[in-house]
Amino acid sequence: MALTFFKCIQTRPFLLYPLGLLPRKHGLLYCTMRSTQTQTATQEGQQPQSKVPTQSRAERLDSALKDYEAIIGIETHVQLSTLTKAFCSCPYNYGSQPNTTVCPICMGLPGALPALNSKVIQSAVKLGLALNCKLCLRSKFDRKQYFYPDLPKGYQISQFDVPIATAGFVDVDLPLEFGGGHRKFGITRVHMEEDAGKLLHTGNGSYSEVDLNRAGVPLLEIVSEPDMRTGIEAAEYASELQRLVRFLGVSNGNMQEGSLRCDVNVSVRPIGQLEFGTKVEVKNLNSFSAINRAIEFEILRQVLLHNDGQRDQIVQETRLWDEGSQKTVTMRKKEGLADYRYFPEPDLPEVILSEEFIEGIRDSLPELPEMKRRRYEQMGLSMQDVLFLANDINVADFFDETIGKGADVKLAANWIMGDVAAYMKNEKLTINEIKLTPQELAELIASIKGGTISGKIGKEILFELMAKGGTVEGLIKEKDLVQIVDPVEIEKMVVKVLAENPKQLEQYRGGRTKLQGFFAGQIMKLSKGKANPGLLNKILMERLNAKS
């Protein structure tokens, strides 16, 4: 592959220069290489595979874990939302035309020197503090050397033996549908590094194109302790990291765009054994559900190899999750640390943090997901409500502002989790994109609670507010929606409906008491939905049960 790559560069020397200096017709940088699919097929043919039946996988997993324990750790790469890259002034915009945001530094041209983006340090300190880590006051960058076509320098600037943050933890609340409960997972380290470019594989597999827009984009790598034991725990850990980086504002955390990438390490060992089994890394996990399913498959695969006496077939390697076949396949044998030949980056100085700088960032941290969940619990909300509201920072802010305007806590939660969430889902909108404001939701709740309008009318107003905006007071006046609470007026309507339906009245008094709903519906129709339901039912029952 290396010879092929250099042959490509040799025959097309213009590829060594920034695209801005070239005619538009040259298009992408590209190299000829054997496709990943071909490699995988060849490697899979060299190693016997244990087939994992997909039917009743949950039952098989439960059965397998009676005798074995899974050990799971995750390496998470978070792409930072900085305006420019880590070591140059190039911007990065997801979806840009290939090789349009590159410079000599991104492309690793001779003589180009990196200059560290200070926002990367700020983001690293923020995340380190949020993960309860110990910050290193003097850290450094290192060169991690390996060859791959999307790494133009031939090395990646990363941190090796002195990362910026170590020894932290994150708290996670498991959803009730997965048994609930609280977990604490250790964080080994957080370190800064740059991203590589991206390979675009062609359909026929004869060559791949290289897009260097992503080369040099700042990343934070978060390495967990091997504290997880199930796919659900791992998926919820990753989900909590996504919430955390979004609350901090350091990344958008979108897995579909590659802003949050998780590589999981899975091994199994007999229950009671202290020594870890052989670790297998799994990549290509593009969703939290994929993390769960890939781990469950890999646990079963390894357990079956143990049970079949083929433990030696579990080797330290990198495998890919194939969404189509719902299984992992071999990608490559795992490199060791010696293969990367780490040494200190000579072109960048040490990163030195002062206590004053750290405390300034600590004081600027927002309320984090774990703190928010505990506060919502203290308000008396159920765990289901807590997990929903604290899952999205924008929803949490909307809820906090609504109750800050005086709305009842439980009623505000119910409206947001019910009708508001349903509307957003149907219209494919975020809570920041609907026209409803926290002020008006608080007014709506107060109007219903105070008896000005009924709950039914309240829903009509809510959908109007979400779609078109406006005010509760204005809509009530414009549509004449004020609830009728005058007993005399409601009694007149009750008498009128009973007089117009003598047959049904006779049937009710003859024992068909379910007809009460019929009468209530007719009265509500007559009042155009404005009659106070409680008062209406009270007066109706008195009239229905009165002696004729």
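The accessible surface of this chain comes to about 26900 Å², and carbon and sulfur atoms account for 52% of that area. Keep in mind throughout that this is a predicted model. Of the 548 residues in the chain, 48% are buried. The secondary structure consists of 19 helices and 17 strands. If we take the contacts between residues at least 6 apart in sequence, 71% of them join residues at least 24 apart.

Next, the interior. How many cavities of 30 Å³ or more does a search of the whole structure find? The search returns 1. As background, rolling a probe the size of a water molecule over the atoms shows where empty space is left. The largest cavity here holds about 90 Å³ of space. Its lining is made up of 13 residues, and those nearest the centre of the cavity are C106, K153, E194, A215 and G216. By character, the lining of that cavity divides into 8 nonpolar residues, 4 charged and 1 polar.

E194 takes us to Q79, since the C-alpha atoms of Q79 and E194 are separated by 9.1 Å, with the two positions 115 residues apart along the chain. Q79 sits in strand β2, which covers residues 68-79. Is Q79 buried or exposed? Its relative accessible area is 8%, under the 20% cut-off, so Q79 counts as buried. Leaving aside residues up to four places away in sequence, Q79 touches Y92, D195 and R214, then V217, P218 and L219, and further on V250, S251, G258, S259 and R261.

For another strand residue, look at L200, in β9, residues 198-201. With a relative accessible area of 26%, L200 is partly exposed. Again setting aside residues up to four places away in sequence, L200 touches S208, E209 and D211. There is also a distance to mention here: P98 is 102 residues from L200 along the chain, and their C-alpha atoms are 10.0 Å apart.

Now a hairpin. Strand β14, residues 317-322, pairs with strand β15, residues 327-333, in the antiparallel sense, and the pairing runs over 6 bridges. Within it, T318 stands opposite R332 of β15. Between the two strands of the hairpin there are 4 residues, and Q326 takes a positive phi near 60°.

That brings me to backbone angles elsewhere in the chain. Where does N132 lie? It is in the loop that runs between α4, residues 118-130, and β3, residues 134-135. The phi of N132 is positive, near 60°, and this residue is not a glycine. N132 has a relative accessible area of 36%, which lies between the 20% and 50% cut-offs, so it is classed as partly exposed.

N284 is another non-glycine residue with a positive phi, in this case about 65°. Its place is in the loop between β13, residues 280-283, and α6, residues 288-307. N284 has 40% relative accessibility and therefore counts as partly exposed.

To go back over the places to look at in the model: the largest cavity, with E194 among the residues nearest its centre; Q79, buried in its surroundings at 8%; the antiparallel pair β14 and β15; and the loop residues N132 and N284.

Notes: Residues are numbered from 1 along each chain as its sequence is written. This is a predicted model: local features need pLDDT of at least 70, side-chain atom pairs count only at pLDDT 80 or more; totals for chains, interfaces and linings use all residues. Side-chain values use heavy atoms; hydrogens and water are left out. Two strands pair if DSSP finds at least two bridges between them. Buried means under 20% relative accessible area, exposed over 50%, partly exposed in between (1.4 Å probe, protein chains only). On a 1 Å grid over the protein atoms alone, a cavity is a set of points where a 1.4 Å probe fits but cannot get out, and a pocket is an open set with protein on both sides within 12 Å along at least five of seven lines; lining residues have an atom within 4 Å of a point. Grid points are joined across faces, edges and corners, and a volume is the space filled by probe spheres set on the points. Ala, Val, Leu, Ile, Met, Phe, Trp, Tyr, Cys and Pro count as nonpolar, Asp, Glu, Lys and Arg as charged, and the others, Gly among them, as polar. Contact means heavy atoms within 4.5 Å. Accessible areas come from the Shrake-Rupley method with a 1.4 Å probe; for residues, only the protein chains shown count as cover.
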